[in-house]
Amino acid sequence: MTDFPAAAATDDHALAVWLAEEAGQVLLEVRTQGLEGRELKDAGDRAAQDVLAALLAKHRPDDAVLSEEATDDAARLSASRVWIIDPLDGTREFSEPPRDDWAVHVALWQDGELVAGAVAQPALGETFNTGTPSVIPPRTSERPRIAVSRSRPPAFVQALAEAIDAELVPMGSAGVKVMSVVRDIADAYVHAGGQYQWDNAAPVAVARAAGLFCSRVDGSPLVYNGADTSLPDLIVCRPELAESIIAFVREHGTD
């Protein structure tokens, strides 16, 4: 474990980065233990959850936490600060070394808004965050690129791609897909197959800080720390693509 950075005592952006990277280091270590398949997935989920829960309890003891890997505590609904975390986003990819398309998500919601976030991709040695936002370069591809699941891309996204003359780019976890737009590997990520708040809170915080457009697929706002943890759909894209994507979804739906 690396030393606690002094800035993180008062800077939530710095803390989010440190937390995500600490969990990422633990996950890389778990990957060296000779486990496979379900055992590796479960060990990764457990180890990352344990380190994040312990560090948040120590360094932000008064804040609430919503995690994929912990029982939901309704007290968060009346809290002004809630950390929304996914200790291991992309367990399938994590369990298939040397794949690098998995991530750790750490976001802070405060009084109705996402105010800080970090998405670590430990196998890449990269952490994207709101403290030092990414600068999105001009688009490098002639045709728009849409990030999709490598195993089950939604049919409506194929139709969307045909409508706006886009190409599909398959890859792993939700956070990795959002970061692919931040990294100029893709130009949009459009999803309507079911997600939860922890799947996209940190990626959306990072994407917004970088100047990307983020919303539900119908263009309505993404709302976090709701009683229902489901947040089943989203768009993250370069701003110039938002209007055409939303118009397609409103006309054709996502079935």
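Helices (H or I, at least four residues) and strands (E, at least two) are taken here as DSSP runs, numbered from the N terminus. The structure is a predicted model, in which local features need pLDDT of at least 70 and side-chain atom pairs count only at pLDDT 80 or more, while totals for chains, interfaces and linings use all residues. Residues are numbered from 1 along each chain as its sequence is written, and side-chain values use heavy atoms, with hydrogens and water left out.

A good place to start is the sheet formed by five strands in the order E1-E2-E3-E4-E5, which is open and mixed in its pairing. Two strands are said to pair if DSSP finds at least two bridges between them. E1 and strand E5 (126-129) are the edge strands, each pairing on one side only. From one strand to the next, the twist averages 15 degrees. Seven bridges hold E2 and E3 in an antiparallel pair, and isoleucine 85 stands opposite valine 106 in E3. Helix H2 (residues 37-59) packs on this sheet, where it touches E1, E2 and E3; contact means heavy atoms within 4.5 Å. The direction of H2 makes about 155 degrees with that of E2. For such angles, axes are lines fitted to C-alpha atoms, for helices over the stretch in contact, and values run from 0 to 180 degrees between N-to-C directions.

Another open sheet of five strands has the order E7-E6-E8-E10-E9, also with mixed pairing. E7 and E9 each have a single partner strand, so one side of each is left without a neighbour in the sheet. The twist here averages 20 degrees from one strand to the next. Strand E6 (residues 145-149) and strand E8 (residues 188-191) run parallel and are joined by two bridges, with isoleucine 146 partnered by alanine 188 in E8. Alanine 188 also has a bridge partner in E10, namely cysteine 237. E8 and E10 run antiparallel and are joined by four bridges. E10 is antiparallel to E9 as well, over three bridges, and isoleucine 235 in E10 is the bridge partner of serine 215.

Which residues cover the two faces of E10? Leu234 and Val236 lie on one side, Ile235 and Cys237 on the other, and all are buried. Buried means under 20% relative accessible area, exposed over 50%, and partly exposed in between (1.4 Å probe, protein chains only).

Two helices can be followed on this second sheet. H5 touches E6, E7, E8 and E10, and its direction makes about 145 degrees with that of E8. Helix H7 (residues 239-252) touches E8, E9 and E10, and its direction makes about 145 degrees with that of E10. Helix H5 (residues 174-182) is mostly covered, with nine of its nine residues buried; among them are Val176, Lys177 and Met179. Aspartate 184 follows H5 and has a positive phi, near 65 degrees.

In soluble globular proteins, nonpolar side chains tend to be buried together. A nonpolar core is a set of buried Ala, Val, Leu, Ile, Met, Phe, Trp, Tyr and Cys residues joined through side-chain atoms within 4.5 Å. The largest one here has 37 residues, and Ile84, Leu114, Val204, Tyr224 and Val236 have the most contacts inside it. Elements giving two or more residues to this core include strand E2 (81-89), strand E4 (113-121), H5 and helix H6 (197-209). H6 gives the most, with seven residues. Apart from this core lies another, of 28 residues, including Ala23, Leu27, Leu88 and Ala120.

Individual residues add detail to the picture. Leaving aside residues up to four places away in sequence, tyrosine 224 touches Ile84, Trp109, Leu114, Gln197, Asn200, Ala201, Val204 and Leu231. Threonine 229 is found in the loop between strand E9 (213-215) and E10. This threonine 229 counts as buried because its relative accessibility is 14%. With the same sequence neighbours left out, threonine 229 touches residues including Leu66, Arg76, Gln197 and Trp198.

How many disulfides are there? With a disulfide taken as a pair of cysteine sulfur atoms within 2.5 Å, the count comes to zero. The sulfur of cysteine 214 is 8.0 Å from the closest cysteine sulfur, in cysteine 237, and therefore too far for a bond. Both residues are covered: cysteine 214 counts as buried at 12% relative accessibility, and cysteine 237 is buried with a relative accessible area of 0%.
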